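Hi,

Here is the structure I promised to pass on. Have a look at it first, and then read my notes below.

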Amino acid sequence: TFTVDLPADHAPAVTRDEDRQEALQAQAPKAMVLYIEDNASNIRLMRHIAQVLGSIDLHVADEPWEGLELAARLRPDVILLDINLPGMDGFEVKARLDADVATRDIPVVAISANVLGDTLARGQAAGFRGYLTKPISVRALVDALHEATAPPMTDGAVNA
């Protein structure tokens, strides 16, 4: 029989988590975001993420038609769109957004648990500005929001 005492190292882990959270908060763009999602748990999670980031003005539609109406009325900076919606999938919602002069220029980022190659290719062909997978990575979400809200590069501009 023997005993081993190992020092607990809780404080640095908490500090690293706090540092990561502060870094994400600093990198998250200030943006109005419309989230079209029918799953209540995913909505709660996104609301929590938006609250933690602090710079996201989050609006939620839990049905596709409501999302289309809010998009036209609010003109958000970015739309986060679930692909697997009842009654109208995310690809059809994206097509309707593109067909409406009031919403066609709003960047749309797809969110789905489906990561099959054909679905990803279909998302790329549909013109989504990004494709996030569930469960949501906060880092990937911040990166996608940053990319979607960044001003477009002009001809001759150098990407630094």
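**How α3 and α4 pack**

Helices α3 and α4 are roughly parallel to each other, because an angle under 35 degrees counts as that and theirs is roughly 25 degrees. Before going on, please keep in mind that this is a predicted model. The helix α3 covers residues 64–74 and α4 covers residues 90–99, and their axes come within 11 Å. As for the hand of the crossing, α3 and α4 make a right-handed one.

Which residues make the contact? On the α3 side there are Pro64, Trp65, Leu68 and Ala71, and α4 brings in Val93, Arg96 and Leu97. Sorted by class, the contact of α3 with α4 has six nonpolar residues, one charged residue and no polar ones.

**A cavity, and who lines it**

I also went looking for enclosed space. The structure has one cavity of 30 Å³ or more, and the largest cavity holds about 40 Å³ of space.

What lines the largest cavity? You'll find Val33, Met46, Ile49, Ala50, Ile56, Leu80, Leu141 and Leu145 around it. Two elements, α2 (40–53) and α6 (138–149), each give two or more residues to that lining. The biggest share comes from α2, with three residues. By class, the lining is made up of eight nonpolar residues, with no polar and no charged ones.

**α2 against α6**

The two helices just mentioned also pack on each other. Their axes lie 12 Å apart, and the packing angle is about 70 degrees, which makes α2 roughly perpendicular to α6. In this contact α2 uses Met46, Ile49 and Leu53, while α6 uses Val138, Leu141 and Val142. Here the classes come out as six nonpolar residues and no polar or charged ones.

If you click through the residues, Met46, Ile49 and Leu141 will turn up in both places: they line the largest cavity, and they take part in the contact between α2 and α6.

**Two backbone spots to check**

As general background, most peptide bonds are trans, and most residues other than glycine have a negative phi. Two places in the loops are worth a look with that in mind.

One is the peptide bond from Lys134 to Pro135, which is cis, with omega near 0 degrees. Pro135 sits in the loop between β5 (130–133) and α6.

The other is Arg75: this residue has a positive phi of about 50 degrees, although it is not a glycine. You can find Arg75 in the loop between α3 and β3 (78–82).

That's everything from my side for now.

Cheers

Definitions and conventions. Residues numbered from 1 in each chain as written. Predicted model: local features only at pLDDT ≥ 70, side-chain atom pairs only at ≥ 80, totals over all residues. Heavy atoms only, no water. Axes fitted to C-alpha atoms, helices over the stretch in contact; angles between N-to-C directions. Helix = DSSP H or I, 4+ residues; strand = E, 2+ residues; numbered from the N terminus. Parallel < 35°, antiparallel > 145°, perpendicular 65-115°, else oblique. Left-handed = near helix turned anticlockwise from the far one by under 90°. Contact = heavy atoms within 4.5 Å. Nonpolar A, V, L, I, M, F, W, Y, C, P; charged D, E, K, R; others polar. 1 Å grid on protein atoms, 1.4 Å probe; cavity = no way out; pocket = protein on both sides within 12 Å on 5 of 7 lines; lining within 4 Å. Points joined across faces, edges and corners; volume = space filled by probe spheres on them.
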